Amino acid sequence: MIISIILTILIGALVGWLAGIIMKSKHGFWMNCLLGIVGAALGGWVAGLLHIGGGFIVTALIQILGTCLLIIIVRAIMGKKW
């Protein structure tokens, strides 16, 4: 249980970092981690609604896309500086 939570946080941090590079966001490491965790959950939820799934690579791409979508939403709400 604890190991899965730690892995989820670490993978979310990695996904947030990658999405931050892709989206050229200007926030720091901790915000990347937070957006990565929430964005990965958002991407997984949307993929579940669309019945999209697969192996590790497909899941990672879905998580990155979910985080990019979340960055777009945050930028729309907070302004371009995000």
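## A nonpolar patch on the surface

In this predicted model, a nonpolar surface patch covers about 1200 Å². Its members are Met1, Ile2, Ile3, Ile5, Ile6, Leu7, Ile9, Leu10, Ile11, Leu34, Ile37 and Val38. Two elements each give two or more residues to the patch: helix H1, spanning 2-23, and helix H2. H1 is the top contributor, with eight residues.

Take Ile6 as a sample from the patch. Ile6 sits in helix H1 and comes out as partly exposed, because its relative accessible area is 43% and the partly exposed class runs between 20% and 50%.

## How H1 and H2 meet

The two helices that feed the patch also pack against each other. Their axes come within 7 Å, with a crossing angle of roughly 110°. That angle falls in the 65 to 115 degree range, so H1 and H2 are described as roughly perpendicular.

On the H1 side, the residues that meet H2 are Thr8, Ile9, Gly12, Ala13, Val15, Gly16, Trp17 and Gly20. Facing them from H2 are Asn32, Cys33, Gly36 and Ile37. Two of these names, Ile9 and Ile37, turn up in the nonpolar patch as well.

## Asn32 up close

Asn32 belongs to helix H2, which runs over residues 29-49. Is this side of the helix buried or exposed at Asn32? Asn32 is buried, because its relative accessibility is 8%, and the cut-off for buried is under 20%.

Skip the neighbours within four places in sequence, and Asn32 is in contact with Gly12, Gly16, Trp17, Gly20, Ser25 and His27. Of those, Gly12, Gly16, Trp17 and Gly20 are on the H1 side of the helix pair.

## H3 joins in

Now for helix H3, residues 56-78. Thr67 is one of its residues, and with a relative accessible area of 0% Thr67 is buried. Which residues does Thr67 touch, once those up to four places away in sequence are left out? They are Val15, Gly16, Ala19, Leu35, Gly36, Gly39 and Ala40. Among them, Val15, Gly16 and Gly36 also take part in the meeting of H1 and H2.

Val58, another H3 residue, is partly exposed at 35% relative accessibility. Val58 and Ile5 are 53 residues apart along the chain, and their C-alpha atoms are separated by 21 Å. Ile5, at the other end of that distance, is a member of the nonpolar patch.

## Ala47 in H2

Back in helix H2, there's Ala47. Ala47 counts as buried, with 8% relative accessibility. Leaving out residues up to four places away in sequence, Ala47 touches Ile52 and Ile62. Ile62 falls within the H3 range of 56-78.

For a longer reach, compare Ala47 with Ile3: they are 44 residues apart along the chain, and 24 Å separates their C-alpha atoms. Ile3 is another of the patch residues.

## Two loops with positive phi

Most residues other than glycine have a negative phi. Two residues here are worth a look on that score. Lys24 is not a glycine, yet its phi is positive, about 55°. His51, also a residue other than glycine, has a positive phi near 60°.

Where do they sit? Lys24 is in the loop between H1 and H2, and His51 is in the loop between H2 and H3. As for accessibility, Lys24 is exposed at a relative accessible area of 66%, and His51 is exposed too, at 73%.

Terms used
Residues numbered from 1 in each chain as written. Predicted model: local features only at pLDDT ≥ 70, side-chain atom pairs only at ≥ 80, totals over all residues. Heavy atoms only, no water. Helix = DSSP H or I, 4+ residues; strand = E, 2+ residues; numbered from the N terminus. Buried < 20%, exposed > 50% of the residue type's maximum accessible area, 1.4 Å probe, protein only. Contact = heavy atoms within 4.5 Å. Patch = residues over 30% accessible without salt bridge, like charges linked within 9 Å, V, L, I, M, F, W, Y side chains within 5 Å. Areas by Shrake-Rupley, 256 points an atom, 1.4 Å probe, with all protein chains shown as cover. Salt bridge = Lys/Arg side-chain N within 4 Å of Asp/Glu carboxyl O. Axes fitted to C-alpha atoms, helices over the stretch in contact; angles between N-to-C directions. Parallel < 35°, antiparallel > 145°, perpendicular 65-115°, else oblique.
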